[in-house]
Number of protein chains: 2
Amino acid sequence: MSFFDSRWVPCPDHVRDLGAGLPAGFRAGAIAAAIKTPGVLDLGLLVCDAEDAVSAARFTRSGVLAAPVVVTQRARVHALRAVIANSANANAATGDEGMAAATTMQQVAGAQAGIDADQVAVASTGVIGVQLQIGSLVDALERDPPQLTAAGDAEFNQAIMTTDAFAKRASLEVALPSGTVRLSAQAKGAGMIEPGFATMLCFVQTDAALAPETADLLLGVCVKRSFDRISVDGQLSTNDTAILMCSGASGVRVAPESEDEVAFGVALDALLRMLALLMVRDGEGARRVGRVVVRGAGQDEVERCARAVANSPLVKTALHGADPNWGRIAQAVGMAMAHSHPLALDIDIEGIAVCRDGAAVPYDAQALDAAAAGGEIEYEIGLGSDTVRPAETEVFFSDLGHGYVTINADYTT
Amino acid sequence: MSFFDSRWVPCPDHVRDLGAGLPAGFRAGAIAAAIKTPGVLDLGLLVCDAEDAVSAARFTRSGVLAAPVVVTQRARVHALRAVIANSANANAATGDEGMAAATTMQQVAGAQAGIDADQVAVASTGVIGVQLQIGSLVDALERDPPQLTAAGDAEFNQAIMTTDAFAKRASLEVALPSGTVRLSAQAKGAGMIEPGFATMLCFVQTDAALAPETADLLLGVCVKRSFDRISVDGQLSTNDTAILMCSGASGVRVAPESEDEVAFGVALDALLRMLALLMVRDGEGARRVGRVVVRGAGQDEVERCARAVANSPLVKTALHGADPNWGRIAQAVGMAMAHSHPLALDIDIEGIAVCRDGAAVPYDAQALDAAAAGGEIEYEIGLGSDTVRPAETEVFFSDLGHGYVTINADYTT
């Protein structure tokens, strides 16, 4: 099956799915460091061999930043050459002891890779408020250093998974006007997801050569159109991190404002949107993915309405139950648009008009039931049918089912 | 068992629980009008016999107002003498046809009670976006008019329940300095609950004599401290309505700024807070009730943090599972306080300190586990331990369990 398997994110014409493997200039691996469960991969290392590597990064906007986020923000974020990442412990709300642990991870990874510590990013995911056993983590790393290879992306990805039901990674070949480059990514994310500027964790590599400004611009734009547009449970994490690293090993330079930049940007955009969609599809206990598109007069109001619908437990349980109960959508929009009665609200589900100008309209209930039973359901909302609607936004969201409750009520995650 | 059965809402000394019955000057009853299921009470009528009755009302701030809300807002809200209320259909997002149906309900109820239509409040609760079958509703009302009695509060309450697992009503005797009065209330609410200015539906009656300004002031203040401080699922309804009606039949006048007003206000406050707490306790599928108290420098920030914690599905599933996973509280506060790192965050659960100045502190894990297994869990959050904290707020919230998913994923409600 192709990586691009959603009607919402078609594979661009100049992109080919390679299945696995890192671009030239990158190596990765992972070990089982017994951070929680012995024998399970939980510590990954990814290294870029290019001394002049270029990078860009985005982080959570949370007011409670995990120690690894703070440590990485203080590193040389435009010249990162390595990532050390662990699962099973977020190293968040851990104070000075947590900061020391994250700094130690950075230093040990740098020493093992032969890279300055300030070019090493640190990322963690897992339980919040529990100290990382840094001594045994370092022991494990020194006793059994990860074998770094160009095929190590699968192991690296495995090591950063927590409640993820499946891996989220890709390896793509991208035909640019000036030559062919590669693009790969490893991501994790299934719960505590409504990223602010980034996702849970996502690491992207390319052998294209990008200037730091280009890498930063492209990552910023693409993150806004992908991880910034999804929600599993409306919960911003303390650890969200997205990093793009460019080795330049292909010899193909992506110049600013060139056709190469456009083509590279299209590929990166599709890659991150598909990864974001996979996170929603893997939303804890999820069965269906919803996409809400809101059109209205102002960007602020369409954003508020889209988030209100995507995060409504009533809409999400209806999505789970394949119940096309659009009254709950009207309720969520009414909540987001307080004191705006009467609202000239239009609602369509899978192209079927159910509400016009704030009131129910007749529709084929059987056709609607059938449409609501699919795996991907699209909701279109119009605010004010008689006005011009220059603003539009979308949010992808998972449903809310018993699995979410089971995962989150019965285990400390 | 006493109506006041929570440590958070003690019974005031001058209040006595009567169990049932309406104050002097009020009669109520209900019928089965087959709005959804034949044979089930689903249409209630409550009448005040005093021609000079005084009333006050609060409504949802939703941008999608149900037709009965609009109709009641246009009525004489300070001189209401009757309430007609139905369950099983919200009459929301129903356009002109819905407005006509709500107006017809108002007129027919007025005619049956011998009261001007503009002194009749209309309230509905149930599914959104489905037209009310007003013809058969009127037929049922004329064929089988409700028997109105002073003991009809139980039937009336029954008629306004939807997914409620238990009735929420009270009948109290209140000893004021100037004499003894009675206070009764019937409420419903189990889901789609994070009221803006009011609750789902709550009707309050007293035989005390209040000026319209006094009734409005007291209802407004008490609603802000009760229905405005609860959340089941963070979802503002299209139909929230709270109405206080005063017959004056006791002959006891509650004068503005008198000791009577203080004593009456204390009783009304306890009544509404206990009803609000019952709604949370009956939160769809709920097992436990949480109370989050936030103290900080500004009212806006404590409000945002309290709502973020109360509405976090991660906090709510942990509450359900009796898991004292305070890391999820830190996450929710971090989300509410974006871009504020580092936060000097303090967290206590049932009086046990688990986080100080943003970092985990050692605690007795066994004692914490035991505290988290109770029916009522209190979370205290401090924002900035070294600063003065003049602002404080509280929100009562239900947990999120399998029952919520079952109720909302499997049925159109």
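Me: In what order do the strands of the open sheet of seven strands in chain B follow one another, and what is the pairing?

Reply: A sheet is read by listing its strands from one edge to the other. In this predicted model, the order in chain B is E11-E19-E14-E18-E15-E16-E17, and the pairing is mixed.

Me: Which strands of chain B stand at the edges of that sheet?

Reply: An edge strand is recognised by its partners. Strand E11 (230–231) and E17 of chain B each have a single partner strand, so one side of each is left without a neighbour in the sheet.

Me: How many bridges join E11(B) to strand E19 of chain B, and which residue stands opposite B:Ser231?

Reply: The pairing of two strands is read from its bridges and its direction. E11(B) and strand E19 (residues 391–398) of chain B run parallel and are joined by two bridges. Within E19(B), the residue opposite B:Ser231 is B:Phe397.

Me: Which helix of chain B packs on the sheet, touching E11?

Reply: Helix H6 (residues 259–281) of chain B does so, and it also touches strand E14 (289–296) and E19 of chain B. Its direction makes about 45 degrees with that of E19(B).

Me: What is the corresponding arrangement in chain A?

Reply: Chain A also has an open sheet of seven strands, with the order E11-E19-E14-E18-E15-E16-E17 and mixed pairing. At its edges stand E11 and strand E17 (359–360) of chain A, each with a single partner strand, so one side of each is left without a neighbour in the sheet. H6(A) packs on this sheet, where it touches E11, E14 and E19 of chain A, at about 45 degrees to the direction of E19(A).

Me: In which sense do strands E14 and E19 of chain A pair, parallel or antiparallel?

Reply: The pairing of strand E14 (residues 289–296) with strand E19 (residues 391–398) of chain A is antiparallel and extends over eight bridges. In this part of the sheet, A:Arg291 has A:Phe396 of E19(A) opposite.

Me: Which strands of chain A does helix H10 lie across?

Reply: Helix H10 (residues 365–372) of chain A lies across E15, strand E16 (352–356) and strand E18 (376–383) of chain A. The angle between this helix and E16(A) is about 110 degrees.

Me: How is chain A divided into domains, and what separates their centres?

Reply: A division into domains is read from its bounds, then from the contact between the parts. Domain 1 of chain A covers 15–281 and domain 2 covers 289–410. Taken over C-alpha atoms, their centres are separated by 33 Å. Eleven residues from domain 1 of chain A and ten residues from domain 2 of chain A make up the contact.

Me: Which elements supply at least two residues of the side of domain 1 of chain A that touches domain 2 of chain A?

Reply: They are strand E11 (230–231) and helix H6 (259–281) of chain A. H6(A) gives the most, with four residues. By class, this side of domain 1 of chain A has five nonpolar, four polar and two charged residues.

Me: How are chains A and B related?

Reply: Two copies are compared by superposing one on the other. A turn of 180 degrees, with a shift of 0.0 Å along the axis, lays chain B on chain A with an RMSD of 0.0 Å. That is the relation of a two-fold axis. The C-alpha of chain B nearest the axis belongs to B:His402, at 2.9 Å from it. The same surface serves both copies, since 100% of the contact residues of chain B recur in chain A.

Me: How many residues of chain B are in contact with chain A, and which elements give two or more?

Reply: The contact is between 57 residues of chain B and 57 residues of chain A. On the side of chain B, the elements that give two or more residues are helix H8 (313–320), helix H9 (327–336), strand E17 (359–360) and helix H11 (402–410). H9(B) provides the largest share, seven residues. The residues of this side comprise 26 nonpolar, 26 polar and five charged.

Me: Where does a cis peptide bond occur in chain A?

Reply: A peptide bond is classed by its omega angle. The bond that joins A:His341 and A:Pro342 is cis, with omega about -5 degrees. A:Pro342 lies in the loop between helix H9 (327–336) and strand E15 (345–349) of chain A.

Me: What confidence does the predictor give?

Reply: Chain A averages a pLDDT of 93, and 97% of its residues score at least 70. For the complex, the predictor gives an ipTM of 0.88 and a pTM of 0.89.

How values were computed. Residues numbered from 1 in each chain as written. Chains lettered and ligands numbered in written order. Predicted model: local features only at pLDDT ≥ 70, side-chain atom pairs only at ≥ 80, totals over all residues. pLDDT = per-residue confidence, 0-100. Least-squares fit on C-alpha atoms with pLDDT ≥ 70 in both. Contact = placed C-beta atoms within 7 Å. Nonpolar A, V, L, I, M, F, W, Y, C, P; charged D, E, K, R; others polar. Pairing = 2+ DSSP bridges. Axes fitted to C-alpha atoms, helices over the stretch in contact; angles between N-to-C directions. Domains from an automatic or database assignment.
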